[in-house]
Amino acid sequence: MTFPDLLPIQPFTRPVQGAVTLPGSKSLTNRALLLAALCDQPVTLTGALFSEDTTLMAAALRQLGFTVETNADAGTARVAGQENAFQSTAPVDLFVGLAGTAARFLTALCAAAPRGVYRLDGVPQMRKRPMKPLLDALRALGADIRCPGEEGFFPLEIHAAGLRGGSVAVDASESSQLLSALLMVAPLARGPVDVTLPGRVRWTFVEMTFRLMAEFGVKISPHEKTRFALSPARYVSSGDYAIEPDASAASYFQALPLVVGGELTFPGLRPPGEGLQGDSAFAGVLTRVRARPPGATLDEDFHEISDTFLTLAAIAPLLGGPTRISGIAHTRKQETDRVAGMARELTRLGQHVIESDDALEIHPRPLRTDTTIETYGDHRFAMSFGILGCHDLHRSGRPWLTVRDPACCTKTFPHFFELLAELRKKSLSA
């Protein structure tokens, strides 16, 4: 789909009804692509996400010598040719765009490679995203990683000779991906790897990595969530792996009935506690929203499910009472400063917002009309405010909110606005 630079959001005039088929999980797709590459036989992923982030990951694996055959219509990705990887005698250039998972996972993979020189870079914003804790840990395990620009950030140049093993500490408080990347390649080291966590980490994403590694044949026994011991091991697969629907993407459409009324179902989406994704807990947040007494403050800690905090923040003006969202300081170093950006855009909409380092407190005020929302190139801003704009503010179906750069949602959910338009059309005929 081709997007205009400015997209007015068409409000719903009828309650939403129907089923929503979600894309595959980005977090699981990029992890599974990496683990499939580390198996010794071909692996076919089904239900895979096809978006900017996963396309960059697949393209990088091809650059490294793997065979990655994709079929977006069928939702499949087949990873093969493991025996041909890391054979280039010339430096290999890898581009990661703004994909945090690809950046961290590929850095770890190249550092663990048996040979070769690998140069990794991304867009300018990627050069601001945290990498140093991962780089320090990989260096402690024997990796030769150089930073041609600012130390601890992209771009990187890796002179690979494998990892020797040893004891390392990883501060993954800024991003759990730093720890997940290290854990997934640690079994490739020549000796045992002992990992200690000195800081707080989003445990749900680390647990996702543990459980996915186990499904590919490598188990880790954590010691009180602060220390992990990994022995040399090989990844194995039955040949097929099914990716769960994306729980983060589900949050937008789970919130839609609060904005426009009605009810939606999500075929294949596992309930909280049953799947691999911690963001499925967002459904519980919405249950508490509905149960909140009129005018009472909703106070939610989003540390473990911070990818979904923007969804709640964007619709907070409609919730009939103050909303306090905490545990989000680490999101200041993601695609953009999400805390400051959300405070800025809600204020633009006329809301009273109290911003602190780790929290936002949103006090509803009358929404300003004819407002253009800045997305900062961040897909989650585009989708969250896309849901708010579905509210029929004028009670006439006339658009009142415009999203700038809606194409940024192609990072994880390329057909988001198409799906939203389909649901709007179906609501009119229900």
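## Annotated binding-site residues and their surroundings

In an unreviewed entry, UniProt lists Lys26, Gly100, Arg129, Gln177, Arg338, Arg380 and Lys411 under "binding site". In the structure, which is a predicted model, the lining of the largest cavity takes in Lys26, Gly100, Arg129, Gln177, Arg338, Arg380 and Lys411 from this set.

The feature "binding site" is also placed by UniProt, again in an unreviewed entry, at Lys26, Ser27, Arg31, Ser175, Ser176, Gln177, Asp307 and Gln334. Of these residues, Lys26, Ser27, Arg31, Ser175, Gln177, Asp307 and Gln334 are included in the lining of the largest cavity.

### Burial of the annotated residues

The table gives location and relative accessible area for some of the annotated positions.

| Residue | Location | Relative accessible area |
|---|---|---|
| Lys26 | helix H1 | 9% |
| Ser27 | helix H1 | 11% |
| Ser175 | loop between strand E10 and H5 | 8% |
| Ser176 | helix H5 | 2% |
| Gln177 | helix H5 | 13% |

Buried means under 20% relative accessible area. Lys26, at 9%, is therefore buried, and Gln177 counts as buried because its value is 13%. The loop residue Ser175 counts as buried too, at 8%.

### Helix H1

Helix H1 spans residues 26-37 and contains Lys26. Ser27 is found in helix H1 as well. Which residues does Lys26 touch, leaving aside its neighbours within four places in sequence? They are Leu49, Asp53, Thr54, Thr101, Asp246 and Thr412. With the same neighbours left aside, Ser27 is in contact with Phe205 and Met208.

### Helix H5 and the loop before it

Ser175 sits in the loop between strand E10 (166-169) and H5. Helix H5 covers residues 176-185 and holds Gln177; Ser176 has its place in this helix too. How many of the residues of H5 are buried? The count is 10 of 10, and the helix is mostly covered. The buried residues of H5 include Leu178, Leu179, Leu182, Leu183, Met184 and Val185. Ser180 and Ala181 are also among them.

Contacts beyond four places in sequence can be given for two residues of this helix. For Gln177, they are Gly100, Thr101, Arg104 and Phe105. One of these, Gly100, is itself listed by UniProt under "binding site", and Gly100 is part of the lining of the largest cavity. Thr101 is in contact with Gln177 and also with Lys26.

For Ser176, the contacts are Val201, Arg202, Phe205 and Val206. Phe205 is in contact with Ser176 and also with Ser27.

### A four-stranded sheet

Apart from these helices, an open sheet of four strands has the order E4-E5-E3-E14, and its pairing is mixed. Which strands stand at the edges? They are E4 (67-71) and E14 (240-242); each has a single partner strand, so one side of each is left without a neighbour in the sheet. From one strand to the next, the twist averages 15°.

Within the sheet, strand E3 (residues 43-46) and strand E5 (residues 76-80) run antiparallel and are joined by four bridges. Leu45 has Ala77 in E5 as its bridge partner.

Methods
Residues are numbered from 1 along each chain as its sequence is written. This is a predicted model: local features need pLDDT of at least 70, side-chain atom pairs count only at pLDDT 80 or more; totals for chains, interfaces and linings use all residues. Side-chain values use heavy atoms; hydrogens and water are left out. UniProt positions are given in the numbering used here, feature names are shortened, and annotations may be inferred rather than shown by experiment. On a 1 Å grid over the protein atoms alone, a cavity is a set of points where a 1.4 Å probe fits but cannot get out, and a pocket is an open set with protein on both sides within 12 Å along at least five of seven lines; lining residues have an atom within 4 Å of a point. Buried means under 20% relative accessible area, exposed over 50%, partly exposed in between (1.4 Å probe, protein chains only). Contact means heavy atoms within 4.5 Å. Two strands pair if DSSP finds at least two bridges between them. Axes are lines fitted to C-alpha atoms, for helices over the stretch in contact, and angles run from 0 to 180 degrees between N-to-C directions.
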